[in-house]
Each structure stands twice: as C-alpha cells, then as structure tokens.
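Q: Could you take a close look at one part of this model for me? I'd like to hear about the disulfide side of things.

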Amino acid sequence: MTRERLIHLSWAVASLLVMAVAVGPGINNFVVTMMGDAITVDYPWLLESGRAVIALGGLPGTDIFSWTHGEEPWVQYQWLFEVGLAGIVEIIGVDWLIRLFMLLVVAIYLLIPLFGGVPRRVSYVLTVTVGSIALIIVSINMSIRPGLITTLFLLIQYVTLAKMRRGELFYGGFAVVGVMYLLWGNIHMGVILGILSLALMLAGDFLEKYRFRSFDPADPDIEGQPLAPRLYLALIGLAFAASLLNPYGLHIYERIIDVSSQASHTANIDELQPLNMQWIQGQLLLLLVGGFMVVLTFSRRALAAQEILHIVLFTAMAMFAGRLALWPALFFVLILPKALHHVWTDMKSRHPSLRPLLGVAEEFRTLFTGLVVLFAVVMTLVIPHSLARQEMGLCEELLPGLEEIAGLRRPEDRMFNDPTSGSCLLLVDPQAKLFIDPRFDFYGGDFLAETASVMRLEGDWRAVLDRRGVDSVMMRRAWPAAAALDRSAEFEKLFDDGIVAFYRRKQEY
C-alpha cells in the first residue's frame, strides 16, 4: 500500500469515527427523547381543533373548548397545521405520525444540510457533526407543534436565498418565497421570524455590497455575491403580501404583537423562561457559540455579515426563552460548517504541507453519507420501540384516570381544571368543556394568574371558584389545591388514582 493511499484510508477512518461519535448519540438521544416528548399538552387541542374545522367546513368564530370563554372570538391563526395534523392522524395514526415527525426533524437538521443545504464543497464531516449536536439541543423543546413548520420554512428560505446569491435561482426563488409565505401565514405566528430573517439578510448584504464590512471567504465560489437591497425589499413585500392571504388578513400581525407583549402570561410558562445552561442542551449551544467565536478570531473574514446577525440575534433569543433554541441550532448547522470550511481552506493555502491531509476523506463522501442516511431512517422509522416505549407525553400517566373522570363528568358541569389535565381530557372526551387549557395567549395573563392562584392556594382561591360558579374540579395531585379539596367540607371526592382527582360540590353548598 502506498503512503498516499494509507493517508487516505487513515483520514477516512478518522472521519468515520468522528461521525459515529456525533451521529450515534445525536440521533439516539433525539429518538429516545421524542418517544416520550413528541406529544405535548398542546397536541390534544391542536388535534381537536383540526377535526372541528374539518367537521364544520370552516373556522369556528368563537372558542369551542371552554365554558369560561365560549362566547369570545378565537383567532385560529394556525388552522392549516391543525387540519393537516387531524388528517394525518386519521390516515396513518399517531404511532406513524411520531415516526415521520422524527424523520422530518432529522432531515431538517442533518440530512437536508448534508445534501445541499450546506454547499456540497463543505466537508460532510463538519456538516454531520454540527447537525448531530443540533439534534441534541433541539430535544429540549422539539415536538409536534406548528413551530416545527417554522423551522422547516426558515431552512428552505435560507437555502433559497443562498442559491439566489450564487446565481442558481432568480424567478424560482420568488416563487418559493411566495408559496411558502402563503402557507406560513396560515400555519404559525413564526411567519414573523421569516420576515425578520429576510431583514437580517438585507442588512448584512447591504453592509457588504456597499463596503461597510468586507467579506473575504477563502472559498468565495460557495458564497456568491450580495443581493441588491431592492431585490430584498421585493422579497419582503412579496412575503408580507402572501402571508396576508389568510382568514384574518392583517389581524394576524396584530395578534402576533398582542401575544408578544403579554409578559404576564409568559412568566407562567416554563418553556418561555431563559435557557438553563446547566442542561446539556444549553452547554452544547455554548459549544457552538464557542466555535463561532473561534472562527471570528481568524484574520480572513470567514463569516458574512448576515450570518453573524443571524447567529447573534437568534442565539440571544434562545438565551431569554429556551423554547426558541430550535432556531439558533438551525442557523449554526447552516452557517458554522461553511465558516469552518473557509478556515480549513485558508489553512491549506497558507500551509501547503497540509494539502495531502486535510479533506482527503471526501473521496469516501458517498459511502459515509449513505451510512448516515441509512442510520437516520432505521432509527426514526424502523426500530424506535426498541429504544423507548412510545408515550403521550405528560398525558400518558393521566389517561387511565381521565377515562374514569370522563364517565363521571356531566355535560352541564362548570368544571375547574388545571391546564394540563384539561387538554389531556380532550383525548378521551373531545366534547368536554374546560375551565382552561394550554392556549395561554387566548385566555390572557389575568385569567391565567387567577387560575394559577387557585391551583397554588394563593390569595382567596375559594372566592374564585364561587365567583365562577364552579361545581366540580379536576386536578392533578401535584397541585396544592388537590390536598385542600380533600379536606374541604364543600366538595366530595368522586375519583382519585393518586395522579389526578375529581371532585363535585355538595348540593347543600
């Protein structure tokens, strides 16, 4: 065996080991986590909302789930996702829904970047490694919710604009943006993030096009040229206009502003709290930030201005709200391998002795990428049950008790419930009328605070039940209110399995 061939094989083995160390834990951790966490407490009301739209042949004008807000208008701004969810569950069932969901997420963060989301000239080892780290990060809050589609559309938009900068698309890029925002405006309020991303691209390319900041990549062919501001303005105008083709028109943006300003209700939502840096997801995000900082220290400018803006802004958003970690993880996958590729190329140009070493494993790209795809498909579609049992998230342990409560509940009951048990009840009793469910933006901060005061036994909680005319209570045992109701002379306990309990007010009260 020649020395050159030995070097090739050695780097091939090293590349395979790097990918195995990254891909194995990345995909395995994600699959195991999603078998229990893909279904959240939002899933029941999202599913039933979609079924209601299909049954009605249109959007309900008022709330369909609660007896406390039944007469109030409900802006069903993500109706298209809900209808799609209901249709998919009807056709393939929840088991295959979870499997396809996992495959889609792995495709977003790993497979699509590997097969063109990141330019093909970038080392597949870099792309796969960062993508696998991202899969562990997003396990913190990835689930079957509309935010998944926002992640997919942010990916499509970023890749489309990159192709336009390289001259590979023009009118096709406008077509992609128009169709995407038409769908996006009916799926998720994250449509505003898409327009924000376009604005960051506009600002970054403006800085470079007019020499306010120079971009000097070591491999300029994969970057293309900054686009003209007028082209970005046309894209933003098209995106905004297309997103208005929804049942609520401009009101969708008024709703986004209203929800974003409701600090009183976000304070009561765990996933909207700052990212906990003691968790492995937070530490891995800091690892990627560290890689970003290392790249910025090199003399040759390896990051475009718009890429820096995306990393900085979306990472800052995740630091303030852990739920948003999905999106900086995505941009790290799309940007960091490309920046490291420029550093790698620069090293080879400055140190000719490294040329026989760096990058020779690309000869085995087809083989190794095929192994990655095979592993991803097998782990997400074929054998997830061998790693972990599929569960219905937080609803799993509640379901046996909720089935019993569904038989005890009367249609006319004015039932108080905590948000989790209320939403989960819809899985076994879709006709139930609830006090509250996890649509916190709909109920508003004041109502949420009032509900929390009852569950936590804060203030005059009994007065809240009396003022609302509550005649029954469904409560998870974890809440202090359950123990208080056990001792109350006003309520009779009809069911208690140690996880959830059901009480009815005695007639004399």
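A: Sure, and keep in mind that this is a predicted model. Let's start with Cys-395, which is buried, with a relative accessible area of 0%. Cys-424 is buried too, and its relative accessible area also comes out at 0%. Buried here stands for anything under 20%, so both cysteines qualify.

Now put the two together: Cys-395 and Cys-424 form a disulfide, with 1.9 Å between their sulfur atoms. The cut-off for calling a disulfide is sulfur atoms within 2.5 Å, so this pair makes the cut. If you go looking for others, a search of the whole structure turns up one disulfide.

What about its handedness? Turn the model so you look along the S-S bond of Cys-395 and Cys-424: the torsion there is about -80 degrees, so the disulfide is left-handed.

And where do the two ends sit? Cys-395 is in the loop between helix H15 (384–387) and helix H16 (399–408). Cys-424, on the other hand, belongs to helix H17 (residues 419–425). The two cysteines are 29 residues apart in sequence, so the bond ties a loop to a helix.

To pull it together: you have a left-handed disulfide joining the H15–H16 loop to H17, with Cys-395 buried at one end and Cys-424 buried at the other.

Terms used: Residues numbered from 1 in each chain as written. Predicted model: local features only at pLDDT ≥ 70, side-chain atom pairs only at ≥ 80, totals over all residues. Heavy atoms only, no water. Helix = DSSP H or I, 4+ residues; strand = E, 2+ residues; numbered from the N terminus. Buried < 20%, exposed > 50% of the residue type's maximum accessible area, 1.4 Å probe, protein only.
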